[in-house]
Amino acid sequence: MFEMHMRRLRWLEQKSDHIVALPCEYPDGYRVPEHDHDRAQLLHALHGVVLIKTKFGRWIVPPDHAMWVPAGIVHSVEMLGDVSMRSVYVLPDAIEGLPSRLRVVAVSDLMRSLIIEAVQKPAQSAPSERRILLLNLLLLEIPRLPERPLGLTFPSDPRIAALCRRFLAEPSPHTTIDDWAELLGMSRRSFTRTFHRETGLSLSTWRQQALLFAALPRLADGEPITSVALDLGYDSVPAFTTMFKRMLGASPRNYLRRSFEAERPLRQELVI
């Protein structure tokens with residue numbers, strides 16, 4: 001499968017089209033090693049959860065979302081569950097307003113439909129007028145996709161990064177600024193400034209995003225909300241639900257139901 005991936009990259013480098021859409025199916029646990037390409041990539045999982053790693057941090061991409069990877073960014077991709085991936089590759093100068101940094105975005109029903117249509121291989125050698133219009137609309141929709149807080153930036157300071165990795169191994173909603181500042185021998189004010197400067201986030205927001213990293217794959221895999229919430233250290237399901245809704249705009253149950261209903265009609269279409 002790695003050789004297939006490299007062939008795809010070589011094929012992409014030879015294409016002159018402003019936008020190219022490709023499908024791929026990956027098994028649970030498969031990892032695409034570090035690589036980059038001269039096009040930006042909009043990576044969308046119709047089914048399954050994807051974890052993307054770069055030197056800048058980690059991003060989790062559940063169903064109904066996509067990851068925007070600018071051209072030239074070295075990244076690896078890990079599959080959490082079987083993944084039906086749809087990727088849209090875009091030349092950096094294809095259109096004004098394309099995002100300039102890594103981000104996870106919500107995928108609208110329109111965008112999802114456009115991506116599904118875009119990966120269908122046309123029977124004729126030359127693209128039809130319909131396909132040209134479809135791809136142009138897809139391109140125009142990319143800058144409109146709203147960003148979602150599913151990225152987890154890692155600080156460059158090795159001492160703070162070590163605490164972040166420890167937190168990911170044993171996440172807890174009760175971690176405080178004072179706890180980490182004391183462990184590092186820093187004042188609360190100094191730690192707060194340093195952490196925000198290195199991650200762009202407060203510790204509270206970073207912690208909530210890290211908890212989502214831990215929760216989403218388990219919820220997507222069918223684990224009960226109660227067991228996930230308690231395992232992550234929440235005192236109650238309502239407290240976990242409040243955090244989840246604040247970060248993703250819906251309760252865990254409604255979020256998962258929406259994702260399942262959105263992907264269910266497509267299960268029979270995914271023949272690659």
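In the predicted model, the side chains of D178 and R188 meet in a salt bridge, with an N to O distance of 3.1 Å. This pair joins distant parts of the chain, as D178 belongs to helix α5 (residues 177-184) and R188 to helix α6 (residues 188-199), ten residues apart. D178 has a relative accessible area of 42% and is partly exposed; R188, with a relative accessible area of 46%, is also partly exposed.

The count of salt bridges in the model comes to ten. One of them connects E25 with R86, whose closest N and O atoms are 3.2 Å apart. The two residues lie in distant parts of the chain, E25 in strand β1 (residues 19-26) and R86 in strand β6 (residues 75-90), with their positions 61 residues apart in the numbering. E25 counts as partly exposed because its relative accessibility is 28%, a value that does not fall under the 20% limit for burial. R86 has a relative accessible area of 3% and is therefore buried.

Strand β6 also contains E78, which is paired with K53 of strand β3 (residues 40-54), so that parts 25 residues apart in sequence are tied together. In this salt bridge the closest N and O atoms of K53 and E78 are 3.8 Å apart. K53 is partly exposed at 28% relative accessibility, and E78 is partly exposed with a relative accessible area of 24%. A network of salt bridges links R101, R103 and E147.

Packing between helices was examined for α2 and α3. Helix α2 (residues 109-118) packs on helix α3 (residues 129-141) at an angle of about 140°, and their axes are 10 Å apart. The arrangement of α2 relative to α3 is therefore oblique, since only angles over 145 degrees count as roughly antiparallel. The crossing of α2 past α3 is left-handed. On the α2 side, the contact involves L110, M111, L114, I115, E117 and A118, which meet R130, R131, L134, L135, L137, L138 and E141 of α3. By class, nine residues of this contact are nonpolar, four are charged and none is polar.

A buried position was found in helix α7 (residues 203-220), where Q209 is placed. The relative accessibility of Q209 is 6%, and the residue therefore counts as buried. With residues up to four places away in sequence left out, Q209 touches P149, G151, L152, L201 and M247.

Methods
Residues numbered from 1 in each chain as written. Predicted model: local features only at pLDDT ≥ 70, side-chain atom pairs only at ≥ 80, totals over all residues. Heavy atoms only, no water. Axes fitted to C-alpha atoms, helices over the stretch in contact; angles between N-to-C directions. Helix = DSSP H or I, 4+ residues; strand = E, 2+ residues; numbered from the N terminus. Parallel < 35°, antiparallel > 145°, perpendicular 65-115°, else oblique. Left-handed = near helix turned anticlockwise from the far one by under 90°. Contact = heavy atoms within 4.5 Å. Nonpolar A, V, L, I, M, F, W, Y, C, P; charged D, E, K, R; others polar. Buried < 20%, exposed > 50% of the residue type's maximum accessible area, 1.4 Å probe, protein only. Salt bridge = Lys/Arg side-chain N within 4 Å of Asp/Glu carboxyl O.
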